[in-house]
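Student: I should like a close look at one part of this model, the pairing of charged side chains. Please begin there, and then continue into the surroundings as far as a connected account allows.

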Amino acid sequence: MLSKESLQFLADLKENNNRDWFLAQKKRYEAYKADYHQLIEKLLEAMKPLDESLAMLEVKHCTFRINRDIRFSKDKSPYKTHMGIWLKSGSLNNEAPGYYIQIDPEKSFVGGGLYCPMPEQLQKIRREINFFYDDLQEIVNAPKFTQTFGSLTRDENSTLKNPPRGFEKDHPGIEFLKLKSFTAIEYFDTKKATQKDFVSQISQKLILLKPLNDYLNRALSSEE
């Protein structure tokens with residue numbers, strides 16, 4: 001579970017997102033950081049027995065810096081105002097599929113898969129779908145997956161309007177082939193993060209994404 005103080009720190013940071021305020025809150029930030037790391041530690045303890053591909057992960061592999069990269073952003077706010085946890089599945093490679101939790105004072109979610117794979121990775125995934133789309137269909141149609149996540153994420157930023165080059169428009173898996181990201185998410189009430197059973201509850205949701213991550217890892221490990 002996460003402390004209420006950590007959530008309040010994020011809420012206050014959102015209202016005071018500047019360097020002077022942040023530096024004056026050093027003790028609060030250090031307490032927040034310790035809370036952040038212990039939550040990841042508990043999450044890894046819960047998830048590793050469920051997914052052996054996470055065995056090599058340590059807390060340091062699952063964290064994000066609180067500083068934002070503002071070089072190419074119109075928003076020059078220096079700090080992130082949410083907590084992100086990323087559990088890479090099967091690899092320490094940052095481009096591997098995995099499990100993700102985002103805790104925000106206003107809107108939190110749990111999810112997983114692979115967001116915006118590189119062109120070479122995308123081609124491998126589409127090739128896997130071309131031949132084994134029915135395997136992916138079975139994964140997203142599983143009752144617990146559908147009940148929790150609905151389906152794979154589909155929006156204008158993650159989906160092509162037309163079939164990708166080289167694939168027939170009448171392919172039975174065409175809606176999967178149009179995807180540019182392969183993720184699924186569920187939003188939850190942020191207050192749940194402060195409940196004692198939070199890690200247990202969130203782990204039960206995350207592990208529903210293991211078949212999707214396995215499918216994506218299978219695609220990425222395939223030879224040309």
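Tutor: R71 is a suitable place to begin: its relative accessibility is 61%, which places it among the exposed residues, because exposed means over 50% relative accessible area. The model is a predicted one, and each value given here is computed from it. The partner of R71 is D69, and their side chains form a salt bridge with 2.7 Å between N and O. D69 itself is partly exposed, at 48% relative accessible area; that value does not pass the cut-off for exposed residues, because partly exposed covers the range between 20% and 50%.

In total, the structure contains 10 salt bridges. In general terms, such pairing is possible when the charged atoms of side chains with opposite charge come close to each other.

Two further salt bridges involve helix α1, which spans residues 4-15. In one of them, the side chain of D12 meets that of R28, at 2.9 Å from N to O. This contact joins distant parts of the chain, since D12 belongs to helix α1 and R28 to helix α3, with their positions 16 residues apart in the numbering. R28 is partly exposed, its relative accessible area being 29%.

The other salt bridge pairs K14 with E106, whose closest N and O atoms lie 3.8 Å apart. Here too, distant parts of the chain are linked: K14 is in helix α1, E106 is in the loop between β2 and β3, and the two are 92 residues apart. The partners differ in exposure class, for E106 is exposed at 63% relative accessible area, whereas K14 is partly exposed at 28%. A network of salt bridges with shared partners connects K14, E106 and D104.

Helix α1 itself merits a description, as it carries both D12 and K14. The helix comprises 12 residues, and the distance from its first C-alpha to its last is 17 Å, close to the 16 Å expected at 1.5 Å a residue. Its buried residues are S6, L7, F9, L10 and L13. Viewed down the helix axis, the buried residues of α1 occupy an arc of 155°, and therefore they line one face of the helix. On the face turned away from that buried side are the exposed residues K4, E5 and E15.

The strands on either side of the E106 loop, β2 and β3, lead to the largest pocket, since both are among the strands that supply at least two residues of its lining. This pocket encloses about 800 Å³ of space. Its lining is made up of 30 residues, and those closest to the centre are F64, W86, Y100, Y115 and T183. Besides β2 (98-103) and β3 (108-114), the strands β1 (83-88) and β4 (182-188) also contribute at least two residues each. β3 provides the largest share, with five residues. By class, the lining contains 15 polar, 11 nonpolar and four charged residues.

Helix α3, the element that holds R28, leads in turn to the second largest pocket. This pocket has a volume of about 200 Å³. Helix α3, residues 26-47, makes the greatest contribution to its lining, namely five residues. The lining numbers 13 residues, with Y29, Y36, F64, R65 and I66 nearest the centre. F64 thus appears in both accounts, being among the residues closest to the centre of the largest pocket and among those nearest the centre of the second largest pocket. The lining of the second largest pocket divides into five nonpolar, five polar and three charged residues.

Three loop positions complete the picture. Q25 is in the loop between α2 (19-24) and α3, and counts as buried at 17% relative accessibility. Its C-alpha atom is 36 Å from that of S91, which is 66 residues away along the chain. C116 is in the loop between β3 and α4 (119-141). Although C116 is not a glycine, its phi is positive, at about 45°, and the residue is partly exposed at 39% relative accessibility. Finally, K192 is in the loop between β4 and α7 (198-206), and is partly exposed at 43%. The C-alpha atoms of K192 and L2 are 9.0 Å apart in space, although 190 residues separate the two in sequence.

Conventions: Residues are numbered from 1 along each chain as its sequence is written. This is a predicted model: local features need pLDDT of at least 70, side-chain atom pairs count only at pLDDT 80 or more; totals for chains, interfaces and linings use all residues. Side-chain values use heavy atoms; hydrogens and water are left out. On a 1 Å grid over the protein atoms alone, a cavity is a set of points where a 1.4 Å probe fits but cannot get out, and a pocket is an open set with protein on both sides within 12 Å along at least five of seven lines; lining residues have an atom within 4 Å of a point. Grid points are joined across faces, edges and corners, and a volume is the space filled by probe spheres set on the points. Helices (H or I, at least four residues) and strands (E, at least two) are DSSP runs, numbered from the N terminus. Ala, Val, Leu, Ile, Met, Phe, Trp, Tyr, Cys and Pro count as nonpolar, Asp, Glu, Lys and Arg as charged, and the others, Gly among them, as polar. A salt bridge is a side-chain nitrogen of Lys or Arg within 4 Å of a carboxyl oxygen of Asp or Glu. Buried means under 20% relative accessible area, exposed over 50%, partly exposed in between (1.4 Å probe, protein chains only). The expected span of a helix is 1.5 Å times one less than its number of residues. The arc is that of the directions from the helix axis to the C-beta atoms.
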